[in-house]
Every structure is written in structure tokens, then in C-alpha cells.
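Here is a set of short exercises to work through with the model open beside you. Try each task before reading its solution.

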Amino acid sequence: MTIAPGALAGIRVLDLSRILGGPYCGQILGDHGADVLKVEPPGGDDTRTWGPPFRDGVASYYHGLNRNKRVQHLDLTQAQDREKLLALVAEADVLVENFKTGTMERWGIGYAQLSERFPRLVWCRVSGFGADGPLGALPGYDAAVQAMTGLMSVNGEAGGEPLRVGLPVVDMVTGLNAVIGVLLALQERHRSGRGQFVEAALYDAGISLLHPHAANWFMDGRVPGRTGNAHPNIYPYDTVRTATDPVFLAVGNDRQFAALCRVIGVPELSAHPDYREAGGRSVHRAALKPLLEAALARFDGRQLVDDLMAAGVPAAPVLAVDAALTHPHTAHRGMVVELDGGYRGVGAPVKLSRTPASYRHAPLTPGEKFD
């Protein structure tokens, strides 16, 4: 089957990164047509061991972050392998790395040492905290950064303990920020003819995720707390009980609330002075939720979701991961990818009409040179 060139066809990416943020960046660039060579140390990326499950000794975690790359192994502590790397750098448009600050510099292949030799190179570093400042050069880990940037403090049940978000959201957003930075630098290179240094730090990503809690604190100075599944600013934007399965209501305005009340047979609630406007519903949520759940106790959750959506009220079933990945709309959107050899993974979420993402290389495909 002929695969149309992607939006980044012709861009050559040297992915020296490990773990999550950098490899995720490289995978996204590869999905959209870049030629990505991943250089791993002799023992491989650490995430090859992050299982179970494993296939042929390599963990699913690694498989989820390293498609559309071709892989080789170099020991950059050795001079001859650094020379091989420099030959690849000479052909690359983008280099992605997440070495501890100072490591590549000690080897003589840091950005400051190579930027004049390769002036068009876009060098992207994924780091924990950046190179300087009070926390500069410290190693960064997703859960630790969630803890110290306030994310855990607003995640969890009201009155409960702070909780880590149940996926590596900081690492993944850092990878997305790295992609954005690379694309910005490539765009600017059209004007200047020069590359530049791009940094995506986990700490910055964690701070950037604090909306609306940061905006609320900037305005009124109150320290945000945990609200469980409920939104801190609007209500009902929460999980509620029904006669069967719980459902999530995402009511964002007064019209939607009135429609919700009609569907569940309590139209008088939408006229009540405490609940008819969004601000009042947010303030009086503790009284409103049991009133809604008393009415919802007559309804089948799955059918209720269909009825609410038909009435223009955003609502959703609370699905497990397997149900979400096998949902017919997931297939319709192309969000599950299958390749020869048994690989299955999550598809690219950005859809382009003329230059769509493509899936050309399963993880662990070997490669020594750029195409």
C-alpha cells in the first residue's frame, strides 16, 4: 500500500531520548512523516523493562512510545560511537535528548559545542527543571513533579488525600510541548536559516496544567482544594449515581441545566433561585447533588446518557479502559493502530486532511542511517 507523505516528510529527527517525554515527542514527529532514528545505549531504553506485560522480552510501555522510528545502539561514552553520532547529526534537522544537564557537554557533544558546527539544527531538550534556577539540573519524575506543582493537591476526593493523576500527564504534556517547540523552531528556520535550542521541562508543564485553579487563585487568593470528580467552577459537572451505572454530567450553561431538569422530571429545579444560574449552582452544589441523584435513581444510566445527549445535555458513561479502546467511535476515529507482527497502539489524535498521520515502522525496527 502506498503511504502519502506526511506533513513532516523530509524532516530528519535524531531521537537520543529515553523514558517518556522525549520518545513521545519523537513518535509524534514520526507519525506525521518525519524520518526518525532512535539511538539507544547498548542496554536499550530503560522502559524496555517496565512491565509486565512483555513481548519478546520488551515491555508494552516501550512499544507504546516508539513506533515510526528505526533503532540502533551506540555507546556514547566511547569516542568511536560519538563520531558515528556526529555523522548522523550532520544530516539531521532535529535532535531530541533528555540527558542529565552536563552529560553531553562532558562528552564534547553538547548544544553549545555543536550549534556553530550545525547551525540549522533544532536541538530539543526534555528536562525535569531546566538547567539553572533553584531546582536547575535536578532529575525530574512525573509523579514527583505532579506533587510539587500542585496537581496532586487538587486531585482526589474532597476531604481525602492528594492523589497522583492516574496516568503520566506531566510527562505526556512535556512531550507535546516538545513537539510544539520543535515545530515552532522549524517554522522560524524558514525565515532565519538557523536552528535553535528548544527546552520542554516537566516542571513548566506541571505549572501550565493548573487551569482553572491558578486563575482562581490569582483572582481571589483562596487556595484551591480537592473536589473529586466535580469541576471547581461549574455544576453539575460531576459523576452522579443512577439506578444502574454512574454517569458524568457536563452541564456548562443555564440552558443545558434546564434541559437536564426536564429530561429527569424535575423542571422546578431549573427555576429555583439557588440553581437557575451557573454561579448559584456552583455555590449550592452540596444541596443540589442529592436532589439530582434522587431524581436520577429512576433511570438506567446508559439509556439516560443517550436521552440527555439527544436533548443537548453533555453526558457520558464512565467507561473502563478496555471499553473505551473497543468503542465503535474509537475505531471510527482511527484511534487504534495495528501493524504487521501484532503491534497495536493508540493512533495519532491530530487529523490533517491532505497529509494525514501514517504508521510505517513498528517499534524495534532496526535502522543505521536516515532514508
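**Exercise 1. Locate Asp56 and Asn68, and describe their backbone and exposure.**

Step 1: Asp56 is found in the loop between E3 and E4, where helices (H or I, at least four residues) and strands (E, at least two) are DSSP runs, numbered from the N terminus. This is a predicted model, in which local features need pLDDT of at least 70 and side-chain atom pairs count only at pLDDT 80 or more, while totals for chains, interfaces and linings use all residues. Residues are numbered from 1 along each chain as its sequence is written, and side-chain values use heavy atoms, with hydrogens and water left out.

Step 2: Although Asp56 is a residue other than glycine, its phi is positive, near 55 degrees.

Step 3: With a relative accessible area of 77%, Asp56 is exposed. The classes are buried (under 20% relative accessible area), exposed (over 50%) and partly exposed (in between), with a 1.4 Å probe and protein chains only.

Step 4: Turn to Asn68, in the loop between H2 and strand E5 (70–73). Asn68 is not a glycine, and its phi is positive at about 55 degrees. Its relative accessible area is 0%, so Asn68 is buried.

**Exercise 2. Find the cis peptide bonds at Pro52 and Pro53.**

Step 1: Gly51 and Pro52 are joined by a cis peptide bond with omega of about 5 degrees.

Step 2: The bond from Pro52 to Pro53 is also cis, with omega near 5 degrees.

Step 3: For the setting, Pro52 is in the loop between strand E2 (35–40) and E3, and Pro53 is in the loop between E2 and E3.

**Exercise 3. Classify the ring pairs of Phe99 and Tyr111.**

Step 1: Recall the rule: rings of Phe, Tyr and Trp (its six-membered ring) pair if their centres lie within 6.5 Å, and planes under 30 degrees apart count as stacked, over 60 as edge-to-face and the rest as tilted. Searching the whole structure gives 7 aromatic pairs.

Step 2: Phe99 and Trp107 are one of these pairs, at 5.4 Å centre to centre with 80 degrees between the planes, an edge-to-face arrangement. Phe99 is buried at a relative accessible area of 16%, while Trp107 is partly exposed at 22%.

Step 3: The ring centres of Tyr111 and Phe197 are 5.2 Å apart and their planes are at 50 degrees, so this pair is tilted. Tyr111 in helix H5 (residues 111–114) and Phe197 in strand E8 (residues 197–201) are 86 residues apart, and their pair links distant parts of the chain. Tyr111 is partly exposed at 21% relative accessibility, and Phe197 is partly exposed at 31%.

Step 4: Ring pairs join Tyr111, Trp123 and Phe197 into a cluster.

**Exercise 4. Which rings have the charged end of Arg18 or Arg48 over them?**

Step 1: The test asks for NZ of Lys or CZ of Arg within 6 Å of the ring centre and within 35 degrees of the ring normal.

Step 2: The charged end of Arg18 sits over the ring of Phe99, 4.7 Å from its centre. For Arg48 the ring is that of Tyr62, with 4.8 Å to the centre.

**Exercise 5. Is Cys124 buried or exposed, and what is its nearest cysteine sulfur?**

Step 1: Count disulfides as pairs of cysteine sulfur atoms within 2.5 Å; the count comes to 0.

Step 2: Cys124 is in no disulfide, and the nearest cysteine sulfur, that of Cys25, is 4.9 Å away.

Step 3: Cys124 counts as buried at 0% relative accessibility, and Cys261 is buried with a relative accessible area of 0%.

**Exercise 6. Place Arg106 in the fold.**

Step 1: Arg106 is in helix H4 (residues 103–106), and it is exposed, with a relative accessible area of 66%.

Step 2: Arg106 and Thr77 are 29 residues apart along the chain, and their C-alpha atoms are separated by 9.7 Å.

Step 3: To finish, step back to the whole chain, which has 15 helices and 13 strands. Of its 371 residues, 44% are buried.
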